[in-house]
Amino acid sequence: MATLWLSLIVLLPLAALAAHSLSDGFGGFWNAVTAPAALATLRVTVGVSIVVAAINAVMGTIVAWVLVRDEFPGKKVVNALIDLPFALPTIVASIVLLSLYGPQSPIGLQLNATQPGLVIALAFVTLPFVVRAVQPVLIEVDREVEEAAASLGANNFTIFRTVVLPVLAPAILGGTGLAFARAIGEYGSIVLIGGNIPYQTQVASQYIQQQIEIDRPVNAAAVSVVLLLIAFVALFVLRWVASRGLRRQENDR
Amino acid sequence: MITVTGARKNYGSFAALDDVSLDIPSGSLTALLGPSGSGKSTLLRSIAGLESLDGGTVHIAGEDVTTVTPQKRDIGFVFQHYAAFKHMTVRENVAFGLKIRKRPKPEIEKKVNELLEIVGLGGFQSRYPAQLSGGQRQRMALARALAVDPRVLLLDEPFGALDAKVRTDLRTWLRRLHDEVHVTTVLVTHDQEEALDVADRIAVMNQGRIEQVGTPEELYDRPSNTFVMSFLGTVSKLNGQLVRPHDIRLGRQPELALAQHEGTAETLGITRATVERVVHLGFEVRVELRNEATGEPFSAQVTRGDAHALGLAAGETVYARATRAPQLDAVPVT
Amino acid sequence: MNVSLPVKISLRTIALGYLFVLLLVPIGVILYRTFENGIGAFAESISTPAAISALNLSLLIVAIVVPVNVVFGIVVALALVRGRFPGRRLLQAVVDLPFAVSPIVVGVALIMLWGANGWFGAVESLGFKVIFGLPGMVIATIFVTLPFVVREVEPVLYEIGEEQEQAAATLGADTWQTFWRITLPAIRWGLTYGVVLTVARALGEFGAVIMVSSGFPGVSQTLTLLVHARYIDDHNTFGAYSAATLLMAIAVIVLLLMTLLDRKRSTEE
């Protein structure tokens, strides 16, 4: 029964999508995907998402570190706040950021219709991914291994680099992969602040929507399929790298 | 009461039960004893209906229950890790089976209180399993299983998760409970001391087969093969024979290794050995020896009196003789 | 490792500063903008007929999506944890798929399936509109919320093991009784957490819904579509802000519930 349900809801629509993308044959698919506007949007999308993923990898780890290893008043509140981007509708995120960085910005900082604006919006919605992936792993880290390293003369930076980071790496990579996959597909949070300028700030999701609106379903389907493939590849690669790291740690026991 | 005939159970190519047949008399407390992987839990769970057999039958009170679900077999089952219903109180746990059978509330209330008194948890009705110790949880599990008056009580290593002291206390307590309640009980254990202490009959299992069935005394004094003899009680190897350490007589002269009244008529293989260590274990003394002829080490167990009389010390030479060597003719499963 | 005080303070400052600038400042600005003309203006803006009908539509979708996901989510979780069949890994991956799919792509895929030229396009001739109708919005929302209940219930099912259920069987309980009295109570906090996540996502879904909805105010506009329409179509910035604030308030309540439930979940272990 479970398989039936999952197939009906998840697999069937995706199959229909894939089939439609090829309804003009492989040539049609290829043309749709290599149209200059399509390539440009993919470039913008992936480029911005990589930047956001990198920011998340670093800042997410720092935030997780502070939440696990540090103590300060209001820490519980801050911890709960991390999930806000998960709970918040994406369109609300878009308009919230717009109120600060848009035409009515109180600080005169206008970032709408720019790539940095895209980055900020995507960083907002992907914040929880790396943080929540790293926190539980950081909690589980064996402090005694750190203490052993210290007793052998390693300074903090070395301890972090050689003892802590390898343990965190799989989680960081996993979270970054999720953040990347989310970023490339994001629509609601950038629809108001992005500006939808082709070749500059138009992301793949906006391009696809546009293609549907001008009644070019094959183009939309084809680019959709490419977007899916990029997401899968990214998730797969990062998960593979992460599990290799995990396996190495497990064999060490 | 319970008859298992030709039971077979395979997991892939691994035979957990290999043509097992067993009779369990009504009202007895039978132990299924064996090492890990011997199939004892599988056999118990097959009797319960929690595992299905690939071949063979199970009869309970004359009824063929081989294809009957556990719900309908009228059994009580106690798990090693208690399987307590964590979100229910002790009262609700014990009452569960009765509630399912839709017994009237006053009857349930009365039965639950009675049982909790019997298992020594009177007053614990409103507690939750998380607030109980391991031993208390297991007693609650017993009360729960007995609440529905099962015709058979099955216990799967019930004391395995408990501390040593609690384990010994509870098994004595279980024996007393059985003597009062007289439900046909089958107990799975890997602890031979537990089996000897508690059971009327023991079935020794190894690698999916039953090696021997009998009373504790029968199995100890007349083991049918080396596996049973080694598993139940300690053994020493003397001249290629398996003997019980307390059946080895020591003496300073070859003749003195014979009992007074035996004379020199039969010398059952007297062995010259060197004392390596004398261990005083309280009421008995273990003498660790080395066979001078073969270099093999072995142990003998003597009473304090004998040890005093002999006055043994490390390095000395003694003569050892087995006063009793069971005939182990059956070939054990290898 | 014992971090020196200056390093600790700098890390703390960087982390909190980042969070402050990224999360709190924008929210502060919008709250200010929403309420700078008084609560009255806010209340008015969210009680227009269009707003009320948008709220009703959003809640209606949630009311359909949650029970569906609870039932099928538990079924799938049971299959993944207790089932013994080949291809379980694959099933697990399928459950996670909605996380990797862009909402716009969800909308496009559903159009390819249920739209006029889609595989099931014939349904339209039965007078039953999926795309540009409520069913389409519901299906789109189910797609994106599918993983939540499954992923929250799965680990709990795994944790509690099968022994309690087996004990119930030996005590006479049949499959339904065992599920209702033993399994369900055991998974209740994981289930509730999953439901909260589902509600939050269902209320907040935008990209998929905008593709499959006709977006007529008062008819097929959810709250999220209302926010978008007010800004883009009506140039009613204030209206968009207040609708967004309403949604944000709901999100905060959801967040509170999540935090409370999280504590309940961990103390139950």
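The exercises below, each with a worked solution, concern a predicted model.

**Exercise 1. Describe the secondary structure and overall dimensions of chain A.**

Step 1. Count the elements: chain A has 11 helices and 0 strands.

Step 2. Read the order from the N terminus, which gives α-α-α-α-α-α-α-α-α-α-α.

Step 3. Take the extent along the principal axes: the C-alpha atoms of chain A fill a box of roughly 65 × 50 × 35 Å.

Step 4. Look at burial: 48% of the 253 residues of chain A count as buried.

Step 5. Look at sequence separation. Taking the contacts in chain A between residues at least 6 apart in sequence, 80% join residues at least 24 apart.

**Exercise 2. Determine how many residues chain C and chain A each bring to their contact, and which element of chain C supplies the largest share.**

Step 1. Count both sides: 63 residues of chain C meet 63 residues of chain A.

Step 2. Assign the residues of chain C to elements. Helix 1 (residues 5-35) of chain C gives the largest share of the side that touches chain A, with 15 residues.

Step 3. Sort the side of chain C that touches chain A by class, which yields 53 nonpolar, 7 polar and 3 charged residues.

**Exercise 3. Classify the packing of helix 6 of chain A and helix 1 of chain C as roughly parallel, roughly antiparallel, roughly perpendicular or oblique.**

Step 1. Choose the descriptors: two packed helices are described by the angle between their axes and the distance between the axes.

Step 2. Obtain the values. Helix 6 (residues 90-101) of chain A packs on helix 1 of chain C at an angle of about 85 degrees, and the axes are 8 Å apart.

Step 3. Apply the cut-off: angles of 65 to 115 degrees count as roughly perpendicular. Helix 6 of chain A and helix 1 of chain C are therefore roughly perpendicular to each other.

Step 4. List the residues in contact. Helix 6 of chain A contributes A:Val96, A:Leu97, A:Ser99 and A:Leu100, while helix 1 of chain C contributes C:Val25, C:Pro26, C:Ile27, C:Val29, C:Ile30 and C:Arg33.

Step 5. Class the residues of this contact between helix 6 of chain A and helix 1 of chain C: 8 are nonpolar, 1 is polar and 1 is charged.

**Exercise 4. Work out the strand order of the open sheet in chain B and identify its edge strands.**

Step 1. Write down the order. The 6 strands of the open sheet in chain B follow 6-7-8-3-9-10, with mixed pairing.

Step 2. Find the strands that pair on one side only: these edge strands are strand 6 and strand 10 (209-214) of chain B.

Step 3. Average the angle between neighbouring strands of this sheet, direction ignored; the result is 15 degrees.

Step 4. Examine one pair. Strand 6 and strand 7 (residues 152-156) of chain B run parallel and are joined by 4 bridges. Within strand 7 of chain B, B:Leu154 is the bridge partner of B:Phe77.

Step 5. Add the packed helix: helix 4 (residues 134-146) of chain B touches strand 6 and strand 7 of chain B, and its direction makes about 170 degrees with that of strand 6.

**Exercise 5. Characterise the contact between chain B and chain C.**

Step 1. Count the residues: 17 from chain B are in contact with 14 from chain C.

Step 2. Locate the elements of chain B. Strand 6 (75-78) and helix 2 (90-100) of chain B each supply at least two residues of the side that touches chain C.

Step 3. Sort this side of chain B by class: 11 nonpolar, 5 polar and 1 charged residues.

Conventions
Residues are numbered from 1 along each chain as its sequence is written. Chains are lettered from A and ligands numbered from 1 in the order in which they are written. This is a predicted model: local features need pLDDT of at least 70, side-chain atom pairs count only at pLDDT 80 or more; totals for chains, interfaces and linings use all residues. Two residues are in contact if their C-beta atoms, placed from the backbone, lie within 7 Å. Ala, Val, Leu, Ile, Met, Phe, Trp, Tyr, Cys and Pro count as nonpolar, Asp, Glu, Lys and Arg as charged, and the others, Gly among them, as polar. Two strands pair if DSSP finds at least two bridges between them. Axes are lines fitted to C-alpha atoms, for helices over the stretch in contact, and angles run from 0 to 180 degrees between N-to-C directions. Angles under 35 degrees count as roughly parallel, over 145 as roughly antiparallel, 65 to 115 as roughly perpendicular and the rest as oblique. A residue is buried if 20 or more other C-beta atoms lie within 10 Å of its own, exposed if 12 or fewer, and partly exposed in between; C-beta atoms are placed from the backbone.
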